[in-house]
Amino acid sequence: MKCKPCDGTGKSKCADCNGDGLGYGHGKCMACNGSGLIECTQCDATGKVSLFRWMNLKKAE
Ligand SMILES: [Zn+2]
Ligand SMILES: [Zn+2]
């Protein structure tokens, strides 16, 4: 199943910098190393989730 939070890309927008890769006046964001993207935790950056996991996510919604 395609991972929903990252839409199958395996990456999700960095919440610390809101995706722009910049920290608070200190150059690049430390959380995502300036890329603005972090590895998706839902799918471990694979872009896919197992059906079992997908069902659990569904339930949690
Ligand atoms: Zn960031
Ligand atoms: Zn994902």
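**Two positive phi angles in a small β-β-α arrangement**

With 12 C-beta neighbours inside 10 Å, Asp-7 counts as exposed (a residue is exposed if 12 or fewer other C-beta atoms, placed from the backbone, lie within 10 Å of its own, buried if 20 or more do, and partly exposed in between). Asp-7 sits in the segment before β1 (11–13), and its phi is near 55°, a positive value in a residue other than glycine. The model is a predicted one, in which local features need pLDDT of at least 70, side-chain atom pairs count only at pLDDT 80 or more, and totals for chains, interfaces and linings use all residues. Residues are numbered from 1 along each chain as its sequence is written, while chains are lettered from A and ligands numbered from 1 in the order in which they are written.

A positive phi, of about 60°, is also found at Asn-18, again not a glycine. This residue belongs to the loop between β1 and β2 (37–39). Asn-18 counts as exposed because it has 11 C-beta neighbours inside 10 Å.

Turning to the whole chain, the elements run β-β-α from the N terminus on, with 1 helix and 2 strands in the protein chain (DSSP runs numbered from the N terminus: H or I of at least four residues for helices, E of at least two for strands). The radius of gyration is 13 Å, well over the 10 Å that the globule rule gives for 61 residues, so the protein chain is more spread out than a compact globule; the radius is taken over C-alpha atoms, and the rule is 2.2 Å times the number of residues to the power 0.38. Along its principal axes, the C-alpha trace spans about 40 × 20 × 15 Å. Of the 61 residues, 18% count as buried.
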